[in-house]
Amino acid sequence: MERLGKLPKLYLTIVFIILYAPIFYLIFYSFNSGGGMSNFEEFTWEHYAAVFEDKRLIIIVLNTIIIALLSALLSTTIGVIGALAIYFMRNKKMRNAVLSLNNILMVSPDVIIGASFLILFTMIGVKLGFASVLISHIAFSIPIVVIMVLPKLSEMNTSLIDAALDLGASRKDVMTRVILPFIKPGIFAGFFLALTYSLDDFAVTFFVTGNGFSTLSVEIYSMARTGISLTINALSGLIFIVTVALVIGYYAINRKTKMPLAGVKK
Amino acid sequence: MNKSRLRSIYSIPYTAWILLFVLAPIALIVYYSFFDLAGNFTLANYRNFFTSVYLKLTISSFWYAFLITFFSLLIAYPTAYLLTKTKHKHLWLLLIIIPSWINLLLKTYAFIGLMGLYGPLNAFLEAVGIGKQQILFTDFSFVFVSVYIFIPFMILPIFNALDKLNPALIDASRDLGADSWTTFRRVIWPLTTNGVKSGIQVVFIPALSLFMITRLIAGNKIITLGTAIEQQFLVTQNWGMGSTIAVFLIVFMFIIMLVTKGKEKGASDNGKAR
């Protein structure tokens, strides 16, 4: 491995500074006793206190977490089932067709997903709010779970299944004691990404959320539209800590399983 | 025998998902694009789309998406290349990825402060003697913030492609007398185009459909296809016209996917980033 020269090092440093500057800028001013994001007056925790005193905000945070956990759990279940279904497909053409269908939601712009789900929910009469947001989050997280689980399944040696069956295992045993343990790392990675997809989503939620219900992204959007509020800064400080913890968690799983580090939705 | 039994049991919920949330929504979008505000069947939406207003909008949306993709690539390629040369490259890559996990809204919100009239950027401009500038609500701010948001997604596939590149090929090229530039142009670049293509795909399509950044950073001055769809659906409540624009966006999406589709044998194999 050759050493980097001065200029390349400078370039990388500048890229890193630009990537992190906005985030630290937000967190820095979350401790500002002044009102805005320009003059730092005095150090204070008051904006963090404000976050915890704001009942509405707390409820929104809880909503966001509940939606994320539920949608990750359900989409992982359906996604694993889907991956198994694709894996057991014999017909190659059919398999490729299903895979392309699976990937459509992953490349579709959020606006399209949001708009089309809005039409769908209005047509079948799902009330906009918690249910519609939860269902959409499940729907757009399923494909990533499938993508994460499939490679693990194809890595698995099929003679493992045959051996288990020969040794008298029932189909249920094969599933719970051979297949599922083997693909567990893929399932975890899928769950994790589903969680972050849900936490990060703005556009789809924005379309399908009704008046009474809001998630953090949507709430930050409406707060930001009215101008600067240091409560958002304090919130971002807290979110940053949680995010870093999540990333480290994902990285730990990732190292064990050598899964490709897939990105997060915009 | 066992396998086919397993198949039929397991496919039910997943198949239902495909029918209900992949196929039905697209069909509904196409269906709605044929109706006007009053609910009558019409082709007027399509006629409308080909008027100068919407054509201009489409062209400018493509232009911005092109600019955003171009600058992202310009910054991301060298970054990815240098990252593969660092000692703990996967750790550094992770550090590049972390900002992309921070909520998009928060990062955008940070730029409202950073680029504001009294923000640090303007303080800097004043200090160097250029003086205060209106940075927010300009084309520059829009492109800058979008590039900022998309850079990690561009770096990731390029990094993966570069990482898989066999270093012996570079040595061979150098041994055979090629200088660095020739090596890059004839060896490195051709072998990483698949990574670049996936990078372009994951940046260009979302860039066409941005709507939150246009509202917060560009102050409604820039209208992309995404902004137009959002406006038709949520503000004007004209679902027919919104669906028509969405139909075209879907068509553009498929064209871009075809153009940027990598060849199977290439060096890139990336997890898709949204």
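## Exercises on a two-chain helical model

There are 12 helices and 0 strands in chain B, where helices (H or I, at least four residues) and strands (E, at least two) are DSSP runs numbered from the N terminus. This is a predicted model: local features need pLDDT of at least 70, side-chain atom pairs count only at pLDDT 80 or more, and totals for chains, interfaces and linings use all residues. Residues are numbered from 1 along each chain as its sequence is written, and chains are lettered from A and ligands numbered from 1 in the order in which they are written.

**Exercise 1. Describe the fold of each chain.**

Step 1. Take the elements. Chain A comes to 11 helices and 0 strands. Chain B has 12 helices and 0 strands.

Step 2. Take the extents. The C-alpha atoms of chain A fill a box of roughly 75 × 60 × 30 Å along the principal axes. For the C-alpha trace of chain B, the spans are about 75 × 70 × 30 Å.

Step 3. Take burial. A residue is buried if 20 or more other C-beta atoms, placed from the backbone, lie within 10 Å of its own (exposed: 12 or fewer; partly exposed: in between). In chain A, 44% of the 266 residues count as buried. In chain B, 45% of the 274 residues do.

Step 4. Take contact range. Two residues are in contact if their C-beta atoms, placed from the backbone, lie within 7 Å. Consider contacts between residues at least 6 apart in sequence. In chain A, 79% of these join residues at least 24 apart. In chain B, 72% do.

**Exercise 2. Characterise the contact between the chains.**

Step 1. Count each side. Chain B gives 73 residues and chain A gives 69 residues.

Step 2. Find the main contributor on chain B. Helix 1 (residues 2–32) of chain B supplies the largest share of that side, 18 residues.

Step 3. Sort by character. Ala, Val, Leu, Ile, Met, Phe, Trp, Tyr, Cys and Pro count as nonpolar, Asp, Glu, Lys and Arg as charged, and the others, Gly among them, as polar. The side of chain B that touches chain A divides into 52 nonpolar, 13 polar and 8 charged residues.

**Exercise 3. Analyse the packing of helix 3 and helix 8 of chain A.**

Step 1. Get the geometry. The axes of helix 3 (residues 55–87) and helix 8 of chain A come within 8 Å and cross at roughly 140 degrees. Axes are lines fitted to C-alpha atoms, for helices over the stretch in contact, and angles run from 0 to 180 degrees between N-to-C directions.

Step 2. Classify the angle. Helix 3 of chain A is therefore oblique to helix 8 of chain A. Angles under 35 degrees count as roughly parallel, over 145 as roughly antiparallel, 65 to 115 as roughly perpendicular and the rest as oblique.

Step 3. List the residues. Helix 3 of chain A contributes residues including A:T64, A:A68 and A:S75. Those from helix 8 of chain A include A:G190, A:A194 and A:S198. The contact holds 9 nonpolar, 7 polar and no charged residues.

Step 4. Inspect one glycine. A:G186 is found in helix 8 (residues 171–200) of chain A. A:G186 is buried, because 25 other C-beta atoms lie within 10 Å. Its C-alpha atom is separated by 4.6 Å from that of A:V149, 37 residues apart along the chain.

**Exercise 4. Where does the cover of helix 11 of chain B come from?**

Step 1. Check burial. In helix 11 (residues 225–235) of chain B, 8 of 11 residues are buried. Among them are B:L225, B:E230 and B:F233.

Step 2. Name the cover. From chain A, it includes helix 5 (110–124) and helix 9 (203–208). From chain B, it includes helix 3 (52–85), helix 9 (180–208), helix 10 (212–216) and helix 12 (239–259).

Step 3. Look past the end. Helix 11 of chain B is followed by B:Q237, whose phi is positive, near 60 degrees.
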